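Visitor: Could you take me on a close look at the aromatic rings in this structure? I would like to hear how they pair up and what surrounds them.

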Amino acid sequence: MSLTSRLLYTPTTSRTICNSSSASSLLPTLSFSGFGSASSLSLRPISRAHSLLSRASSSFRTSTTDMGDAPDAGMDAVQRRLMFDDECILVDENDKVVGHDSKYNCHLWENILKGNSLHRAFSVFLFNTKHELLLQQRSATKVTFPLVWTNTCCSHPLYRESELIEADALGVRNAAQRKLLDELGIVAEDVPVDQFIPVGRILYKAPSDGKWGEHELDYLLFITRDVNVNPNPDEVADAKYVNRGQLKELLRKADAGEEGLKLSPWFRLVVDNFLFNWWDHVEKGTVKEAADMKTIHKLH
């Protein structure tokens, strides 16, 4: 897989508030395990370049006022670096930018309860041309919601110029393309930015394990493409395409507590409120007609 080099944005770890609404050697092959008989992918080994990308810059900040060595001593090194290096975009409930803060601070449940951590996020729903949805199981080392099953890719646009562009949700779409490469090895050429269709926004809050949680204004992005997938094990434990029936069976198992299956709270909210109706539009090629980017749905 050919990877292009990237300039890493390195913000400070202090929380910043502003008034403006905008800002100027191979790894082992991963095989997809199944739900029913959904089509499987034959995966190539992840390239050394991808391995180096996911583990780049192993040195990271160890002195911040929010950090505390003892409580986070067991945190995975890659996830720890991302928690302090990534700066999320803080917004109000109308999706207006009010500042930025570290991923670490934005996901501390005590900060969320104080009302200081609402940030912009995105959730990608990638379908192949057979209209099957690609799901991923988050890695065991993820700080929030490890090993839960969720939609194709879930992450955050960062506080950087290219991901703050609000026109046509371009900043969020740029971030989605970046993270599909980081998490699933899907190269930019396979997921052109102009092929992402923003279909809606949701606002939700969910605890993870007592210390961590989510409070996000989440952009929902749909895309239909046939892609090559090379999961990054630092981010993804497993992945699988499912059709409607197989997703419903997964929901049944999660509700029944079978096989230890768990779903991310944001994915479940989208499934319960929107997904199957939007899936109809995927099959008809009319997703743009279903889009509603004016409304922010407050879900619980």
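Guide: Happily! In this predicted model, ring pairs join Phe125, Phe127, Phe222, Phe267, Phe274, Phe276, Trp278 and Trp279 into one cluster. The structure as a whole holds ten aromatic pairs.

Let us begin with the pair formed by Tyr204 and Trp266. Their ring centres are 6.3 Å apart and their planes meet at 40 degrees, so this pair is tilted; stacking would need planes under 30 degrees apart, and edge-to-face over 60. Tyr204 belongs to strand 8 (residues 197-207), while Trp266 belongs to helix 7 (residues 265-284), so the contact ties together parts that are 62 residues apart in sequence. Both partners fall below the 20% cut-off for buried residues: Tyr204 has a relative accessibility of 1%, and Trp266 has 2%.

Now follow helix 7 to Phe276 and Trp279, two members of the cluster. With ring centres 6.0 Å apart and planes at 5 degrees, Phe276 and Trp279 make a stacked pair. These two residues sit three positions apart in helix 7, so about one helical turn separates them. Trp279 is buried, and its relative accessible area is 0%.

Phe276 has a charged companion as well: Lys248 lies over the face of the Phe276 ring, at 5.2 Å from the ring centre. So, for your close look, Phe276 is a good place to pause, because its ring is stacked with that of Trp279 and also has Lys248 over its face.

Notes
Residues are numbered from 1 along each chain as its sequence is written. This is a predicted model: local features need pLDDT of at least 70, side-chain atom pairs count only at pLDDT 80 or more; totals for chains, interfaces and linings use all residues. Side-chain values use heavy atoms; hydrogens and water are left out. Rings of Phe, Tyr and Trp (its six-membered ring) pair if their centres lie within 6.5 Å; planes under 30 degrees apart count as stacked, over 60 as edge-to-face and the rest as tilted. Helices (H or I, at least four residues) and strands (E, at least two) are DSSP runs, numbered from the N terminus. Buried means under 20% relative accessible area, exposed over 50%, partly exposed in between (1.4 Å probe, protein chains only). A charge sits over a ring if NZ of Lys or CZ of Arg is within 6 Å of the ring centre and within 35 degrees of the ring normal.
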